[in-house]
Amino acid sequence: MPREEAADIRRVESRVASYINEFVALRQDIHQHPELSFKEHRTSDIVAAKLAAWGYEVTRGIAGTGVVGSLRRGSGSKTLGIRADMDALPIQEATGLPYASVNAGVMHACGHDGHTAILLAAARTLAEVGQFDGQLQLIFQPAEETGSGARQMISEGLFDRFPCDAVFGLHNWPGVPAGHLGCVAGPAMASIDQAVITIRGKGGHGAEPHKTVDPVVVSAHLITALQTIVSRNVDPLDMGVVTVGSIHGGAASNVIPDAVELKLTMRSFRPEIRQLLQERVPALAKAQAESFGAEAEVDYQLGFPAVLNHVDETAFARTVAEDTFGVGQVEAGFRPRTASEDFAYMLQARKGSYVFLGNGEGASLHSPRYDFNDAVLGLAATYWTRLAERFLAPAA
C-alpha cells in the first residue's frame with residue numbers, strides 16, 4: 001500500500017475513533033425510540049440537525065420524512081450518493097437491553113438504527129477532515145421495510161434534484177463475522193412478490209364430504225403442486241422461491257368450509273424467473289382448483305425487484321474495502337441473499353452497489369431479540385468515508 005494511502009486511512013480511523021462513543025450512544029437512542037415507515041419524524045429531526053451543524057445543505061420532506069445532506073468541496077464535477085434507511089418494524093422487542101424500545105410493538109429489528117448512525121458518523125468525518133473534490137449526497141431514506149421509501153423519493157425527483165454518478169448502500173448481516181464486508185456483483189438480493197389465493201368450494205358437514213367441494217383438500221394439493229414450479233419450471237442453475245406462509249379456512253373439526261385462503265411469497269434473482277413465477281402461480285392455482293370442481297381467485301401483488309449490483313461499482317467497493325481493511329476482512333465468495341431490499345429501485349435509476357457488513361453472531365434480522373453490533377459502527381463509518389474520498393478523488 002502506498003505511504004499516502006496508509007496515512008489517509010490512519011487519518012480517517014483516528015478521527016472516527018475520537019468520537020465514536022457519541023455515535024454509539026446516538027445509535028442506542030434511536031434504537032430506544034423506533035419509528036415505523038413514514039413516521040420517522042424524531043429520527044429525521046435528529047439527522048437534519050446533525051447534518052446542518054456540520055455544514056451540510058439539508059433538504060427535508062422528500063417522501064415525507066426523508067432527508068438529504070449535500071456537501072461540496074472543490075470544483076470537481078463528480079457526484080456520489082450514499083444511502084441509509086431509518087425505519088423500524090412492527091415487532092415487540094424482547095432483548096431486555098437497557099436501551100430497548102420504549103414504543104410498544106415497534107422495534108429496530110433490522111439495524112436501520114445502526115445504518116443511520118454509521119452514515120452520520122461518516123458525514124461528520126467527511127465534513128471535518130474529508131479530502132474530496134466534488135458533490136456528496138447523503139440520503140437518509142424512510143420506509144424501506146414497506147418497500148415504499150426509495151421509490152417515492154425517486155418519484156419526487158431525488159436524483160434530478162441531487163445528481164449522483166453512483167449510489168451506494170449498506171446492510172448489516174448477522175452470521176457474518178463482525179466487521180467483515182461482503183461484495184456481490186450482479187444479483188445481490190432477491191425480488192419479492194406476494195399472492196393471496198382464495199379457494200372457493202362448497203362447504204358442508206364433515207361426515208358427508210361427498211356432498212361438498214372441499215377447499216381444504218384442494219388447498220393441500222395446491223400447496224404441494226406449487227413446489228413443482230421451482231423444481232420443474234425453473235432452471236436448476238437459477239433461483240426461485242415459492243413459499244406458502246399462511247393458510248386459513250374453517251373453524252370446526254366437523255365442518256367443511258366454503259373457502260380457504262392461502263398467502264404466498266415469491267422470490268427470485270432474475271427478471272425472467274420473476275415473470276415465470278407471476279405466470280405459473282395463478283395458472284397452477286386455477287387449474288388445480290378446477291380439477292376438483294372448485295374455483296381459485298388469485299390476487300398477485302408485485303413487490304420490489306431484485307437488487308442488481310453494477311459490476312464496476314461493486315469492484316470499486318471491494319477494492320476500497322480491501323485497501324482499507326485488508327483482503328482478509330473482505331469475505332471471499334460472498335453469496336447473494338434471498339431477502340429483499342428497496343434499494344433495488346435506486347440501482348435501477350443509477351449505477352452503484354449494495355454492500356453487506358458482518359454483524360457477528362446473534363439473532364437474525366426481524367427477530368424480537370436482534371440488536372445491531374455497535375462494535376462495527378466505527379469500521380463502517382471509516383469505510384463510507386474512504387469510499388467517498390476515493391470516488392470523489394481530485395482528477396490527476
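**From one helix to a four-stranded sheet**

In this predicted model, helix α2 covers residues 41-53, and because a helix is expected to rise 1.5 Å a residue, its 13 residues should span 18 Å, which agrees with the 18 Å that separate its end C-alpha atoms. Within α2, the residues T43, S44, I46, V47, A48 and L51 are buried, and what covers the buried residues of this helix includes the helices α1 (3-32) and α3 (112-129) together with the strands β1 (57-62), β2 (66-73) and β4 (134-141). After α2 comes G55, whose phi is positive, near 95 degrees.

Two of the helices that cover α2, namely α1 and α3, also pack against each other, at an angle of about 145 degrees and with their axes 9 Å apart. Among the residues that make this contact are V12, V16, F23 and I30 of α1, and A117, L120 and V129 of α3; the residues of the contact divide into ten nonpolar, four polar and seven charged.

Elsewhere in the model, four strands form an open sheet in the order β10-β12-β8-β13, with antiparallel pairing. The strands β10 (240-248) and β13 (295-302) stand at the edges and have a single partner strand each, so one side of each is left without a neighbour in the sheet. Strand β8, residues 191-200, pairs with β13 over eight bridges, and T198 has E297 of β13 as its bridge partner. Helix α6 (residues 215-233) packs on the sheet, where it touches β8, β10 and β12, while helix α7 (residues 271-291) also packs on the sheet and touches β8, β10, β12 and β13.

Note on methods
Residues are numbered from 1 along each chain as its sequence is written. This is a predicted model: local features need pLDDT of at least 70, side-chain atom pairs count only at pLDDT 80 or more; totals for chains, interfaces and linings use all residues. Side-chain values use heavy atoms; hydrogens and water are left out. The expected span of a helix is 1.5 Å times one less than its number of residues. Buried means under 20% relative accessible area, exposed over 50%, partly exposed in between (1.4 Å probe, protein chains only). Contact means heavy atoms within 4.5 Å. Axes are lines fitted to C-alpha atoms, for helices over the stretch in contact, and angles run from 0 to 180 degrees between N-to-C directions. Ala, Val, Leu, Ile, Met, Phe, Trp, Tyr, Cys and Pro count as nonpolar, Asp, Glu, Lys and Arg as charged, and the others, Gly among them, as polar. Two strands pair if DSSP finds at least two bridges between them.
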